[in-house]
Amino acid sequence: MLPRTKINVLLQIRADIIRDGLEGLEHVNALLVLRGVDPASQHVRRKAPLDRFRQCEVRRFIKTTLGDGPMRRGELATILGKVQPHLSEHATKIRCNNALQRLQRDGFVARGKCLWWLTPPVANTPPNSD
């Protein structure tokens, strides 16, 4: 294993110990000092909250919601905000916008002036083999 890889592993273990309040921090710090790394100079980021939806799940949620009829982006963001209360209103609008743009690019939704709706699926009919 490369020396830098070992240091990265120790830094990751140190971060997990700090974030989760586990024991063994002094041991990991001692190993880092042996490798020539000052543990005090290493910044540990806070633990990011687990996101309930990934981007693909937001797209799936939007397709399901648009199945009830055309909606505005703001309405979709409001509904998404109720499902994901930890996100700000601004963040839900951004997620909705990104998901709608991707769905439009892939041909799943269409947009009028301000309304979004599902497009009918394209039938994949094989050519006649007669």
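A residue is counted here as buried when its relative accessible area is under 20%, and as exposed when that area is over 50%. In this predicted model, 27% of the 130 residues of the protein count as buried. The accessible surface comes to about 9600 Å², and carbon and sulfur atoms hold 54% of it.

The secondary structure consists of 5 helices and 3 strands. Read from the N terminus, the order of elements is α-α-α-β-α-α-β-β. Among contacts with a separation of 6 or more, 50% join residues 24 or more positions apart.

The interior can be taken up core by core. The largest nonpolar core has 14 residues, and the members that touch the most others are Ile62, Leu66, Leu76, Cys96 and Leu100. Two or more residues of this core come from each of α3 (55-66), α4 (73-83) and α5 (89-105). Isoleucine 62 shows how the core is joined: leaving aside neighbours within four places in sequence, Ile62 is in contact with Leu76, Cys96, Ala99, Leu100 and Leu103. Another core, of 7 residues, lies apart from that one and includes Leu10, Leu11, Val28 and Val37.

Val28 also belongs to helix α2 (residues 25-34), where the buried residues are Val28, Asn29 and Leu32. Viewed down the axis of α2, these buried residues fall within an arc of 100 degrees, so they line one face of the helix. Glu26, His27, Val33 and Leu34 are exposed on the other side of α2. The cover over the buried residues of α2 includes α1. After α2 comes glycine 36, with a positive phi near 85 degrees.

Helix α1 spans residues 3-20 and contains asparagine 8. Asparagine 8 has a relative accessible area of 37%; because this value lies between the limits of 20% and 50%, Asn8 is classed as partly exposed. Asparagine 8 and leucine 32 are 24 residues apart in sequence, while their C-alpha atoms are 9.8 Å apart in space. Leu32 is one of the buried residues of α2.

Aromatic rings remain to be considered. The count of aromatic pairs comes to 0. There is, however, a charge placed over a ring: the charged end of lysine 63 sits over the ring of phenylalanine 108, 4.1 Å from the ring centre. Lys63 falls within the range of α3 (55-66).

Conventions: Residues are numbered from 1 along each chain as its sequence is written. This is a predicted model: local features need pLDDT of at least 70, side-chain atom pairs count only at pLDDT 80 or more; totals for chains, interfaces and linings use all residues. Side-chain values use heavy atoms; hydrogens and water are left out. A nonpolar core is a set of buried Ala, Val, Leu, Ile, Met, Phe, Trp, Tyr and Cys residues joined through side-chain atoms within 4.5 Å. Buried means under 20% relative accessible area, exposed over 50%, partly exposed in between (1.4 Å probe, protein chains only). Helices (H or I, at least four residues) and strands (E, at least two) are DSSP runs, numbered from the N terminus. Contact means heavy atoms within 4.5 Å. Rings of Phe, Tyr and Trp (its six-membered ring) pair if their centres lie within 6.5 Å; planes under 30 degrees apart count as stacked, over 60 as edge-to-face and the rest as tilted. A charge sits over a ring if NZ of Lys or CZ of Arg is within 6 Å of the ring centre and within 35 degrees of the ring normal. The arc is that of the directions from the helix axis to the C-beta atoms. Accessible areas come from the Shrake-Rupley method with a 1.4 Å probe; for residues, only the protein chains shown count as cover.
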